Each structure stands twice: as C-alpha cells, then as structure tokens.
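Trainee: I should like to learn how to read the features of a protein model. May we work through one together?

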Amino acid sequence: MQSLSRAQARRVALAAQGFADKPHGVPTMRTFQRTLARTGVLQVDSVNVLQRAHLMPLYSRMGPYDVDLLRRASEVRPRRVVEYWAHVQAFMPVELWPVMRFRMRHYAEREFKWWQGIDPAVRERVMKEVADRGPVTARDLHDGTPRDKVHWGWNWSDERKALDILYMTGEIAIAGRNSQFEVRYDLPERVLPAAVLDAPEVGESEAVLELVRRAARSHGVASVHCLADYYRIRIGPAREAVAALVEAGELEPVTVEGWGRPAYLHREARLPRRIAARTLLSPFDPVVWERDRSEALFDFFYRIEIYTPAAKRVHGYYVLPFLLGDRLVARVDLKADRAGRVLLVPGSFAEPGAPPETAAELAAELWRLAGWLGLDDVVVAPRGDLATALAAEVAQGTVAPTG
C-alpha cells in the first residue's frame, strides 16, 4: 500500500483544488470553468464583511478577476451553474441537477420538517405566483402579515417558508439574486437547460456514487468522512460508494502520515514537487470546510467565530487563513470599509513555525486583495503577534513575488 507523508498529502490536496494550475493571465470564463471543475461547488453565505463567500474561492485560485464571471455563469443563458443544497447552499454545475433529484425526493418526503403548520393554500398560491410572475423574491410575494419576531434570524414569512420548501424539493429553482442579495425564484424550465431537465432519472445509489467520485477528484486524497462531508452524504452510503470506486480502480487505499483513518487517493490525483501559492482563503473555502481535515493536513486548528460573542473571540469576527506555498502560515481578521475605501486588519496572527517571510508575503497579498475589492489602503491594527511586522511591511506598499 502506498504511503504519503503529510507534506505530500497537502500538495495532492492543494493540486486537486487548483492551486497547482498555471495562471491564465486575465481570468476568463474558461478559467472560471476550470476552477469550478476543481472545487466542484462554491458555498454561498450572506456575510459580506469582506466579500461574499462564493466569490472568494475563485479569487484564491484565479487571482483578481471580474466577479461578473459568476453572475454570467449563473444568470445568462446557457447557464453553467445553479444554486442548490449541494454542500450547503452552493453554486454547482447545472449538470448536477439530475444527480440531486434523490435529495429533492428526500426533502419532499419530509418537507414540513422545518416549517410545520404552513397552510397548503399558501404553498399553492406561491407556486402559482412564481409560475405567473417569476422570477420573484420572497418580499415580492409577502402579503403584508406581520412576522413573528421571537426567533431572531428565522422570522420568515409564510411565503418565504413555502418558497424554501419548493426550492428544496426542486419544484422551483433559483434564477439569481438581486442587488440586496435576495434570492429570485422561478420555474426550473425557465432557469435550467432543457437537456438537464430532460436527463434520465438517476437512482440514489448511482447519485451517491457520482457525488463521492466528484468529492474524491476535488480532494485528491481523503478519508471516507472527508468524502461524505463534501456533498453531505450519509457515512454509510458514502462508505459503500468508496468501496465501489476502489473496486473499479478509481480510488487507491493509501496511508497518510498522522492520519488515524484509512485514506483514499484518486487515480488522477497529482503530486507536484511544490505548490507556489500565496493567497487568503475564505472561512467557507473547500480547503478548510472540514475542520478535522484542516488539522490533519495542515496542523491548523480553525473555528469560525462569527457567532461567538465579541469578548470571547480568540482571533476575530471574520478570520481568513493565509496559504503560503503548501502551508497555512497565518490567519487575519479582515473587514472591508467600503465607505472609507480601506481594507481593515483588526487582528493578525502567525502560526507556529511560520517562515520569516510571512509578514512580507501577507502584506503583498493584502494589497492585492485590496486592489481587487476596489479599496485604496490597508490599515493593520496592533492586535496579534504578527501585527507589528505586518504593519511595517504594509507601510512599504510593495508587492512581494510569488513562488
């Protein structure tokens, strides 16, 4: 059985995620499609303290790019991607829609698990409104009835709840979002290509096999738990799919230094001699989705502290890992002050064993990120063990070379 060191496994994983790809210069739709083929999905999140979550993984791999690429891919025909509950809420390639039908069926069987007590008449009315008026937002359909304010963050109108059910069951689809980031719903036949909607039914076992196959390609090397988490498959069916892929020769059992679980290497996985990356990763980047995997690969303990009370936060509100080469060498709390056109760095922290050039390389990356966000300055607050050195490097305003 083949054995990989932790460093080799890191390089395999990062190459699978696109960090070994040669840059295309100015990113194009071709670059976007190549990048999406690596990540498989782009998680969506509403937090916009820095940049929307689904836009950051593209930046991390492609560098500064025109964010209209994703809008065109998701809203302009022929659509290349569509939102669905793939990992969680995420953009996925449109060809995954038939594969996700098993999940839609599961939600249909227990559709009122989340929103009990919705009047079926509301659902019928909402479906008719979408058919007649789509694409529409939940606000377009709300009848004006005051909402329950008891449950902060979940005081959705009945129309919004009905839309959620219809979306999860595949009866409606997401046509895009407006400038306030509100979802615009429409009928699937007005969102997705006919070939996708007319594709043959995919059975559950076949669908799970395809999703685990895609997860294995995106991971390069992974445990069953990693593979199950990527598309949120139950561990039992995921284990059966892995066994089938091993038998077919698509996955090879391997051992990885320090891993307590069996690992599997995809047959197309690359093991580059080095990874020449220098970039920041969103808290919702596939590289750091699965926290146990982050620790096993990078010895990087990571928790999102958005919902932690401010006084109890260790590193900050919106903290991004800094990838340099094949290691996560630092983390920074970031905020885009759009009115002041400043990239704020409320906290900056080096990881144990971070190389001497960490501050200089991170400063260069912060200036690059600021430029992409349309910000004119970078301001480093005196919090964190990296802050003093980072502030000095940022003040020089120079761009350190990558690789």
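The dialogue below takes up strands, a side chain, a pocket and a cavity in turn.

Mentor: Please keep in mind that this is a predicted model.

Trainee: Let us begin with sheets. How are strands held together, and in what order do the strands of the open sheet lie?

Mentor: In general, strands of a sheet pair through backbone hydrogen bonds, either parallel or antiparallel. Here, four strands form an open sheet in the order β1-β8-β9-β7, and the pairing is mixed. The edges are taken by β1 (2-4) and β7 (221-222); each has a single partner strand, so one side of each is left without a neighbour in the sheet.

Trainee: Which strand pairs with β7, and in which sense?

Mentor: The partner is β9 (residues 263-266), and the two strands pair in the antiparallel sense over two bridges. Within this pairing, A222 stands opposite Y264 in β9.

Trainee: What do β5 and β6 form, and how many residues lie between them?

Mentor: They form a hairpin, with five residues between the two strands. In the turn, F181 has a positive phi of about 70 degrees. Strand β5 covers residues 173-177, and β6 covers residues 183-186. Their pairing is antiparallel, over four bridges. As one example, G176 has R184 in β6 as its bridge partner.

Trainee: Is β5 mostly covered or mostly open?

Mentor: Strand β5 is mostly covered, since five of its five residues are buried. As a general point on strands, in a regular strand the side chains alternate between the two faces of the sheet.

Trainee: I should now like to study a single residue. Where is E83 placed, and why does it count as buried?

Mentor: E83 lies in strand β3 (residues 81-85). The cut-off for a buried residue is under 20% relative accessible area. E83 has a relative accessibility of 3%, and therefore it counts as buried.

Trainee: Which residues does E83 touch?

Mentor: Leaving aside its neighbours within four places in sequence, E83 is in contact with V44, Q89, A90, F91, Y167, I174 and R177. Two of these deserve a second look. The side chain of E83 makes a polar contact with the side chain of Q89 at 2.7 Å, and another with the side chain of R177 at 2.9 Å.

Trainee: How far apart are E83 and R110, in sequence and in space?

Mentor: They are 27 residues apart in sequence, and their C-alpha atoms are 21 Å apart in space.

Trainee: Let us turn to empty space. What is the volume of the second largest pocket, and which residues are closest to its centre?

Mentor: The second largest pocket holds about 500 Å³ of space. It is lined by 25 residues, of which F19, D21, P23, R61 and A276 are the closest to its centre. At least two lining residues come from each of α2 (29-39), α3 (56-62) and β10 (278-280). By class, the lining has nine nonpolar, nine polar and seven charged residues.

Trainee: How many cavities of 30 Å³ or more does the structure hold, and what is the volume of the largest?

Mentor: There are three such cavities, and the largest has a volume of about 60 Å³. Its lining consists of A13, L14, Q17, H219, P286, V287, R293, L297 and F298.

Trainee: Which helix gives the most to that lining?

Mentor: Helix α13 gives the most, with three residues. Both α1 (6-16) and α13 (291-298) supply at least two residues each. By class, the lining of the largest cavity has six nonpolar, two polar and one charged residues.

Key
Residues numbered from 1 in each chain as written. Predicted model: local features only at pLDDT ≥ 70, side-chain atom pairs only at ≥ 80, totals over all residues. Heavy atoms only, no water. Buried < 20%, exposed > 50% of the residue type's maximum accessible area, 1.4 Å probe, protein only. Pairing = 2+ DSSP bridges. 1 Å grid on protein atoms, 1.4 Å probe; cavity = no way out; pocket = protein on both sides within 12 Å on 5 of 7 lines; lining within 4 Å. Points joined across faces, edges and corners; volume = space filled by probe spheres on them. Nonpolar A, V, L, I, M, F, W, Y, C, P; charged D, E, K, R; others polar. Contact = heavy atoms within 4.5 Å. Polar contact = N/O pair within 3.5 Å; in protein donor to acceptor, adjacent residues only side chain to side chain.
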